[in-house]
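Please open the model in the viewer and keep the sequence panel at hand. The tour proceeds by selection, one site at a time.

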Amino acid sequence: MCKALEDIKKYELEKGVRDGIKQGREEGRKQGVRQGRKQGEKLGAIKMLCSLVSDGLLKPEEAARRVNLSLRAFGMEMKKVGYR
């Protein structure tokens with residue numbers, strides 16, 4: 001094969017690798033944003049429920065049920081966000 005064809009193949013291969021890396025980074029960023037948003041929503045719900053429990057407007061058992069946690073786990077979350 002001549003040098004020009006080898007260079008073209010090498011360039012196309014390198015371009016494919018660069019494009020693959022770029023696509024992987026973009027997908028990783030999107031996944032990170034989705035995960036961060038989901039965690040933020042859950043934390044916001046827990047903080048709101050902790051506030052309601054702290055004010056006596058909601059029983060801890062009901063708050064734990066609403067965020068699919070055991071009562072013990074919800075109590076630990078309350079401590080993490082600064083309640084009790």
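The stops below run from a helix surface to the core, and then to the charged pairs and the cysteines.

This is a predicted model, in which local features need pLDDT of at least 70 and side-chain atom pairs count only at pLDDT 80 or more, while totals for chains, interfaces and linings use all residues. Residues are numbered from 1 along each chain as its sequence is written, and side-chain values use heavy atoms, with hydrogens and water left out.

**Helix α1**

Select residues 3-54, which make up helix α1; helices (H or I, at least four residues) are DSSP runs numbered from the N terminus. Within this helix, pick Val17, a partly exposed residue with a relative accessible area of 46%. Here buried means under 20% relative accessible area, exposed over 50%, and partly exposed in between (1.4 Å probe, protein chains only).

Add Leu13 and Ile21: with Val17 they form a nonpolar patch on the surface, with about 280 Å² of accessible area together. Such patches consist of residues with over 30% relative accessible area and no salt bridge, with like charges joined within 9 Å and nonpolar side chains (Val, Leu, Ile, Met, Phe, Trp, Tyr) within 5 Å. The areas come from the Shrake-Rupley method with a 1.4 Å probe, and for residues only the protein chains shown count as cover.

**The core**

Next, select Ile46, Leu49, Cys50, Val53, Leu58, Ala63, Ala64, Val67, Phe74 and Met78, the ten residues of the largest nonpolar core. A nonpolar core is a set of buried Ala, Val, Leu, Ile, Met, Phe, Trp, Tyr and Cys residues joined through side-chain atoms within 4.5 Å. Two or more residues each come from α1, α2 (60-66) and α3 (71-80), and the largest share, four residues, comes from α1.

**Charged pairs**

How many salt bridges are there? The count is six, each a side-chain nitrogen of Lys or Arg within 4 Å of a carboxyl oxygen of Asp or Glu. Show Glu27 and Arg34, whose closest N and O atoms are 3.5 Å apart in a salt bridge. In helix α2, Glu62 and Arg66 lie four residues apart, about one turn of the helix, and their salt bridge has its closest N and O atoms 2.9 Å apart. In the salt bridge of Glu77 and Lys80, the N to O distance is 3.3 Å. Salt bridges that share partners also join Glu62, Arg65 and Arg66 into one network.

**The cysteines**

Finally, compare Cys2, partly exposed at 42% relative accessible area, with Cys50, buried at 0%. The structure holds zero disulfides, a disulfide being a pair of cysteine sulfur atoms within 2.5 Å.
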